[in-house]
Amino acid sequence: MAGYSFAGPALEFGAAVVDDQPYPDAKVRIPLGVLNRHGLVAGATGTGKTKTLQLMAEQLSGQGVPVFLADVKGDLSGMAVAGESNDRITTRAASIGEEWAATAYPCEFLSLGGMGKGIPVRATITSFGPVLLSKVLGLNATQESSLGLVFHYADQNGLALLDLKDLREVIQHLTSDEGKADLKSLGGLSSATAGVILRELIGFADQGAEAFFGETEFDSAELLRLAPDGRGMVTILELPAVQDRPALFSTFLMWLLADLFHDLPEIGDPDKPKLVFFFDEAHLLFDSASKSFLDAIQQTVRLIRSKGVGIFFVTQSPKDVPSAVLAQLGNRVQHALRAFTPDDAKALKAAVSTCPHSGYDLGTLLTSLGTGEAVITVLSDKGAPTPVAWTRMRAPQSLMAPSPDAVMDAIVAASPLARYAAVVDRESAYEKLQARLQTAPTPEQAAGQATGQAAGQAPDGPQDAAPAPRAPRAPKEEPSMVEKVVASSAFRSMVRSAGTVIGREITRSLFGTARRSR
């Protein structure tokens with residue numbers, strides 16, 4: 001296995017296997033410096049994908065690299081607890097020439113909007129942006145473009161969109177009698193389309209999505225922290241409580257990536273990554289995605305590696321990942337696949353086609369791999385693909401089961417991220433538009449004012465001389481956008497509360513997300 005004999009820090013997957021016999025001296029490894037070239041972990045249910053994530057996360061943390069894990073099934077929380085030895089673990093370790101030692105790792109637990117155990121993670125509507133929100137709502141291309149116009153209108157008029165009620169209020173304003181003129185100025189937005197978006201938002205809120213949007217907004221820089229002992233912090237987003245909202249949690253993960261992409265500086269190819277991001281159940285991200293959304297994912301994946309962030313997509317088949325994204329994934333860990341149906345056969349063929357040529361009959365091997373075995377090819381320290389290696393994987397050293405509730409509760413209670421638990425509801429679009437409605441004259445008052453103005457007109461006949469007219473004033477110059485923002489209450493709120501959503505520029509990224517001002 002000369003292809004894996006590179007020097008320097010690396011993660012070890014396990015030992016190479018030939019004719020079902022592992023060879024302890026033939027280690028299968030991946031250089032730490034190529035983990036920002038991204039990767040794919042694939043395989044059928046029950047073949048060991050989750051344990052591969054756990055194994056990689058442990059070694060990354062141990063070498064001072066922060067890790068982010070999306071824990072969809074709830075079984076990655078055991079990383080906070082030392083593992084428990086048994087005969088299977090010791091036998092596997094001996095067969096691949098490894099020493100196994102029970103080890104716990106520094107963990108933080110997050111939850112979407114406080115649904116489940118963990119520090120609540122929230123995003124404001126304005127930072128989430130129209131493209132990601134369109135994916136969550138299932139809007140078509142025309143509706144997505146129209147939603148972008150709504151965001152543009154809010155940006156232009158200093159209407160901060162912090163939560164769902166803010167966005168609903170802006171759309172209701174645009175479709176009301178008072179907002180007809182504003183709606184007309186947004187040439188590409190029809191009242192019918194605005195109504196469709198509004199109905200989708202109401203349905204979305206009825207599913208409990210209100211909890212995920214608002215302040216205090218999570219700062220993605222928290223994912224880059226190290227533990228006091230120098231190990232990388234393992235941040236685990238607990239998702240079992242929102243398994244019935246797959247589009248929401250997969251898109252929320254993309255928001256975290258987009259936020260990191262905005263804020264991190266370019267560093268080229270570092271000796272080790274600044275963060276490795278594991279995107280579990282990745283097929284949910286791509287299901288029913290618009291072309292603009294897929295293009296944005298492709299561009300983010302391509303560009304974020306130069307900022308030191310590695311992304312591993314985890315799914316059942318390479319076929320679940322669009323080819324343009326799959327082409328960016330230089331490291332592959334392929335667990336066993338099944339071939340029970342015609343669709344399974346297509347997925348198997350696609351998996352074989354993504355691997356470099358090898359001496360294995362991959363079509364046969366991939367259907368016969370045991371649990372905890374994988375076919376691996378990665379990039380070497382020189383950036384060239386390594387030979388395909390049938391590998392018996394190491395066992396994780398932390399607990400391969402959920403952490404006890406008491407352990408998780410203690411970690412959450414002691415977390416320095418506790419400030420994100422506070423729910424803040426500041427003045428934003430909802431309050432501003434409601435205040436405008438309350439101060440607007442009623443139809444009766446408007447009619448009375450019109451009658452009074454008509455009665456005050458000069459009657460026929462002699463009157464006292466009218467005062468000399470004043471010289472006309474020069475028309476007031478329309479304030480620039482910067483002046484509008486600086487004068488707005490939103491900007492003043494930003495000054496009072498640094499790091500919140502109003503501290504974002506009114507510019508948007510590939511995903512329509514707003515940029516964070518630090």
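Let me start with one pairing: L69 has F278 in strand β8 as its bridge partner. This is a predicted model, so please take everything I say as computed from it.

That bridge belongs to a set. Strand β4, residues 67-71, pairs with β8 over three bridges, in the parallel sense.

What does β8 pair with besides β4? Strand β9, residues 309-315, is joined to β8 by five bridges, and those two strands also run parallel. One bridge to point at on the screen is L275 with its partner V309 in β9.

Now to β8 itself, residues 275-279. Are its residues buried or exposed? Five of the five are buried, so the strand is largely enclosed by the rest of the structure. The cut-off here is under 20% relative accessible area.

Next, the side chains of β8. In a regular strand, side chains alternate between the two faces of the sheet. Here L275, F277 and F279 point one way, while V276 and F278 point the other. Both sets are buried. F278, the partner of L69 from the opening, is therefore among the enclosed residues of this strand.

Finally, the chain as a whole. The chain has 518 residues, and 51% of them are buried. Its secondary structure comprises 19 helices and 14 strands. Taking contacts between residues at least 6 apart in sequence, 77% join residues at least 24 apart. The accessible surface is about 22,900 Å², with 54% of that belonging to carbon and sulfur atoms.

To go back to the start: β8 has β4 as a parallel partner, and β9 as another.

Terms used: Residues are numbered from 1 along each chain as its sequence is written. This is a predicted model: local features need pLDDT of at least 70, side-chain atom pairs count only at pLDDT 80 or more; totals for chains, interfaces and linings use all residues. Side-chain values use heavy atoms; hydrogens and water are left out. Buried means under 20% relative accessible area, exposed over 50%, partly exposed in between (1.4 Å probe, protein chains only). Helices (H or I, at least four residues) and strands (E, at least two) are DSSP runs, numbered from the N terminus. Two strands pair if DSSP finds at least two bridges between them. Contact means heavy atoms within 4.5 Å. Accessible areas come from the Shrake-Rupley method with a 1.4 Å probe; for residues, only the protein chains shown count as cover.
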